[in-house]
Amino acid sequence: MSGILFRRASLPEGIRDVAVDSGMITAVDVARDSTGFDVIDSEGGALIPGLHDHHIHLHALAAASASVQCGPPAVTTADDLAAALDRAPDLDPAGWVRGVGYTETVAGLLDCAALDRLHTRRPVRIQHRSGAVWFLNTVAAEAVGLWTADHPGVERNGSGAPTGRVWRADDWLRERMGPSRPPDLSTVGSELARFGITGVTDATPDLSNESLDALVSSHVDGSVPQRLHLLGVPLDATPELPPTVTVGPLKGVLADSDLPDFPTLCKQIRDAHSWGRGVAAHCVTREALLLLLAAFDEAGRHPDDRIEHGAIIADDTVADLSRRQIPVVTQPGFITARGDDYLDRLDTHDVTDLYRCASLIEGHAPVAMSSDAPYGPVDPWMVIAAAATRLAPDGRTVGADERVSRRSALTRYLAPLSTPGASARQIRAGEPADLVLLDAPIEAALQTGADAVRYTMIRGRVAYRREE
């Protein structure tokens, strides 16, 4: 098979021809001979390394597209939610209705009784937009045996009865609902390629064997052509993986509602390290972050340790992160998606500390950007714009001092999957041919966003080509 030559591509060093063969960049030249190559005329557009989404949930993203949207902007009141549930099509053989994106501004903190007032005809489970909790109506609670369940995520009231809220128990809940197959990922893989994403870190914790097998199979069959880095592989699992699927640090969750005690957290860190893996710690509040940093100091460090989200970071903690050089994988896209809610609901000092970017980068702390899709916007160019503008949906600014340039934000998508926060990958001979061709030089393309993507190449193969 002949190689591919990107003719007249814009690189940092100027206009160059970039040759690709056998999945690798083989040459970066001025006016290279095109004999034996299929030529793509870049027309002066920027050629950049493929983007890496350093925190995403693939199966949840696929499932969200077939779920009822239960939050703003489509649903803003209890009546809206009741109507949306009533309209939900009967797609599930057992009658289940799956809702996503719920926020308390719609109808308060849901429980069985509150959901029963909205819908009783079918079993309903609604996920909070944070992904942390599911709300079940009585029909759903009975279907999964919530009254006799012993899972720690099943919330109970003072008398011991389940409330209908189930915290961080996705796999358990799925098993209780009966046999099901993980959702097809081909649409997700195609969408990611359209955005120029060539590698993803799936941050789903506690992957079951079925979910793990489904992710790997989807990659091998081409449904998800992106390179995969997996955080949810159990410590004692020994899966056989292709070289383009790697196991990363172990995902751990410091739940805002139930922080682990200090000895338990230290033991969890030591256990992961003893298996030769770091810890990828879900950490949202400033209290959780301080607890985590103290635990790292006590239990020791692994080069792959990282902090997921860092949603609220106190100003005096920035220097601590820089000193420790622990990467923060953050999601400024939440500013674009939910900034108005943050401004209306959070204290002023929380807003100042929210999804820091500039202060971390200027303080030389390692920073990577990501989507947390489906809980945040999946489009990386939207996340890049959010980091630059910090604009909420209603046009207000959230943390103006944390703005960074679009170019700086882009580099936070270009680190290797295994080392978020490291230097951006480069277009040079000997590097894997994971490439994105844009339709304009980089500064103009950054203003255009996703529409600027002309080609996405993964391992030397064209995964996306824009219709001209």
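This report describes a pocket, a four-stranded sheet and one serine in a predicted model.

## The second largest pocket

The second largest pocket holds about 730 Å³ of space, and its lining is made up of 30 residues, among which Gln69, Pro72, Gly101, Pro374 and Tyr375 lie nearest the centre of the pocket. By residue type, this lining divides into 16 nonpolar, seven polar and seven charged residues.

Several elements contribute to the lining of the second largest pocket, since at least two residues come from each of helix H1 (58–64), strand E8 (97–102), helix H7 and helix H12 (333–345).

## A parallel sheet

Four strands form an open sheet in the order E6-E13-E14-E15, and their pairing is parallel. Strand E6 (51–56) and strand E15 (245–247) stand at the edges with a single partner strand each, so one side of each is left without a neighbour in the sheet. Neighbouring strands of this sheet are turned against each other by 15° on average, when direction is ignored.

The pairing of E15 with strand E14, which covers residues 227–230, is in the parallel sense and runs over three bridges. Opposite Thr246 in E15 stands His229.

## Ser190 in helix H7

Helix H7, one of the elements that supply the pocket lining, spans residues 186–194 and includes Ser190. The relative accessible area of Ser190 is 48%, and this residue is therefore partly exposed, as the limit for exposed is over 50% and that for buried is under 20%.

Ser190 and Ser217 are separated by 27 residues in sequence, while their C-alpha atoms are 16 Å apart in space.

How values were computed: Residues are numbered from 1 along each chain as its sequence is written. This is a predicted model: local features need pLDDT of at least 70, side-chain atom pairs count only at pLDDT 80 or more; totals for chains, interfaces and linings use all residues. Side-chain values use heavy atoms; hydrogens and water are left out. Buried means under 20% relative accessible area, exposed over 50%, partly exposed in between (1.4 Å probe, protein chains only). On a 1 Å grid over the protein atoms alone, a cavity is a set of points where a 1.4 Å probe fits but cannot get out, and a pocket is an open set with protein on both sides within 12 Å along at least five of seven lines; lining residues have an atom within 4 Å of a point. Grid points are joined across faces, edges and corners, and a volume is the space filled by probe spheres set on the points. Ala, Val, Leu, Ile, Met, Phe, Trp, Tyr, Cys and Pro count as nonpolar, Asp, Glu, Lys and Arg as charged, and the others, Gly among them, as polar. Two strands pair if DSSP finds at least two bridges between them. Axes are lines fitted to C-alpha atoms, for helices over the stretch in contact, and angles run from 0 to 180 degrees between N-to-C directions.
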